[in-house]
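Reader: Before we begin, may I ask how the terms used for such a model are justified?
Author: Certainly; let us look at the model together.

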Amino acid sequence: MKKESHPGVVGAPTLSPLFLARLSRRGALPDPFGSRTVRTYYQARYAIWHALRALGIKPGENVAFPALHCSAELDAFVDLGIGLRFYGIDDSLRVRFDSLESAIDDRTRALFVIHYFGLPQRMDTIGEFCRRKGLRLIEDCAHTIRGFYGDRLLGTFGDASIFSMRKLLPLPDGGALRINDPAIDPPAEPAVTPPCGRTVGGVRRSISRNLETQQGPLARVLRARVLKPAFAALKAVGSGRGSDPSPREEQYEFVPERIHWGMSSLSRAILRSTPLDEVCRRRCENFHSLAMRLGPTTHVKTLALEIPENFCPWLFPVLVDRPEAFVAHLMGRGIEVSEFWQRFHPAFPRNQFPAESAMKERLLPLPVHHQLGERHMRWIAETVLAWNGS
Ligand SMILES: Cc1ncc(COP(=O)(O)O)c(C=O)c1O
């Protein structure tokens with residue numbers, strides 16, 4: 001009997017040359033980015049900076065901020081001299097209101113909430129809390145793209161909302177700020193175009209990765225005869241116009257010069273041409289499939305998540321004691337993952353939040369993106385369940 005071969009699992013979606021050839025260069029961005037009060041930036045961390053400015057939060061004032069976070073979100077606050085009052089997150093990744101109540105003081109101007117991995121926070125309760133306390137709401141939608149809470153789009157609840165579209169789609173760059181309160185003026189359109197070398201480098205990496213995963217003679221010919229020479233030429237053009245950084249290098253850095261960089265026109269064209277409903281539907285199906293297949297095991301803990309029927313997830317979070325060994329286990333079986341939020345920001349008092357800090361160190365999210373399907377989820381689940389912790 002023929003042995004079944006296992007599917008390789010690419011960790012993030014990639015760009016196919018065919019898709020690139022059909023990009024639509026004109027027209028509005030799809031919702032929730034189509035509004036006239038949306039501004040697009042190089043990365044979401046710079047959208048946070050503009051959100052704080054647009055809301056008029058001043059140096060010396062503070063924002064209530066969740067104790068579970070990436071850390072790239074915090075530099076905007078430090079740069080603007082705005083304080084952070086941290087509050088707890090429970091093991092279903094929801095806001096802990098008892099902790100939030102005690103975090104707020106008379107200088108708190110806003111509440112910052114994160115929809116972790118695309119799972120919506122309870123926006124009705126949060127909205128009511130902000131009204132009662134007289135706080136602005138900043139909604140962080142960096143882990144979703146067109147998600148819903150009930151029948152309302154995520155990113156329409158906050159006075160200001162931020163997105164990181166580059167996390168869910170194969171874009172060389174891209175974050176956004178959406179202003180929802182008509183009384184707040186959105187910032188001016190960002191004046192600077194990101195250096196062409198960066199845009200080209202990101203697209204080149206993504207297409208190469210896409211073709212590596214394609215089998216068959218056509219992909220081979222495309223790789224050897226068309227793309228290799230084209231990429232060599234593009235590299236030569238790009239090298240004079242800004243370096244081509246690796247994504248790892250960019251994970252945490254905050255570069256003040258980039259605050260006014262916009263999203264590249266190539267990223268805008270990719271976003272405009274992507275069927276977002278389809279992307280979210282597939283991601284949601286994959287997330288549910290993994291949730292159904294992964295029960296708690298001795299060595300991998302699933303979180304106590306309340307998973308909505310219809311939402312748009314980024315990744316599927318699990319907790320493991322030895323993330324580096326777990327990554328090696330998965331990578332050795334063709335499943336691309338990387339260690340996750342390893343950095344603690346100096347502005348975060350981790351000793352005051354031992355539960356959230358331990359969760360951050362143990363989080364290892366699994367891919368569920370829209371270019372994967374049922375056979376990938378089956379293989380991921382089998383491999384996770386076979387992990388013996390060593
Ligand atoms: C919750 C959250 N918000 C914002 C960001 C910043 O996004 P970007 O990398 O696009 O700056 C991150 C980064 O990982 C994040 O996890």
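Author: A helix here is a DSSP run of H or I with at least four residues, numbered from the N terminus. The model itself is predicted.

Reader: Which helices each supply at least two residues of the lining of the second largest pocket?
Author: They are helix 7 (196–213) and helix 13 (374–385). A lining residue must have an atom within 4 Å of a pocket point. Among the 15 lining residues, V10, T213, Q214, Q371 and H376 are the closest to the centre of the second largest pocket, which holds about 380 Å³ of space.

Reader: Why is the second largest pocket said to lie between domain 2 (193–273) and domain 3 (276–385)?
Author: Both domains give residues to the lining, so the pocket lies between them.

Reader: What classes of residue make up the lining of the second largest pocket?
Author: The lining has five nonpolar, nine polar and one charged residues.

Reader: What makes the pair formed by H143 and the ligand a polar contact?
Author: A polar contact is a pair of N or O atoms within 3.5 Å. A polar side-chain atom of H143 lies 2.8 Å from an oxygen atom of the ligand, so the pair meets the cut-off. The side chain of K167 has an N or O atom 3.0 Å from a ligand oxygen, and a polar backbone atom of A44 is 2.9 Å from a ligand oxygen; these pairs also fall within 3.5 Å.

Reader: How much of the accessible area of the ligand does the protein cover?
Author: The protein covers 97% of the 390 Å² that the ligand has on its own.

Conventions:
Residues are numbered from 1 along each chain as its sequence is written. This is a predicted model: local features need pLDDT of at least 70, side-chain atom pairs count only at pLDDT 80 or more; totals for chains, interfaces and linings use all residues. Side-chain values use heavy atoms; hydrogens and water are left out. A polar contact is a pair of N or O atoms within 3.5 Å; within protein, one must be able to donate a hydrogen and the other to accept it, and residues adjacent in sequence count only if both atoms are side-chain atoms. Accessible areas come from the Shrake-Rupley method with a 1.4 Å probe; for residues, only the protein chains shown count as cover. On a 1 Å grid over the protein atoms alone, a cavity is a set of points where a 1.4 Å probe fits but cannot get out, and a pocket is an open set with protein on both sides within 12 Å along at least five of seven lines; lining residues have an atom within 4 Å of a point. Grid points are joined across faces, edges and corners, and a volume is the space filled by probe spheres set on the points. Ala, Val, Leu, Ile, Met, Phe, Trp, Tyr, Cys and Pro count as nonpolar, Asp, Glu, Lys and Arg as charged, and the others, Gly among them, as polar. Domain bounds come from an automatic or database domain assignment.
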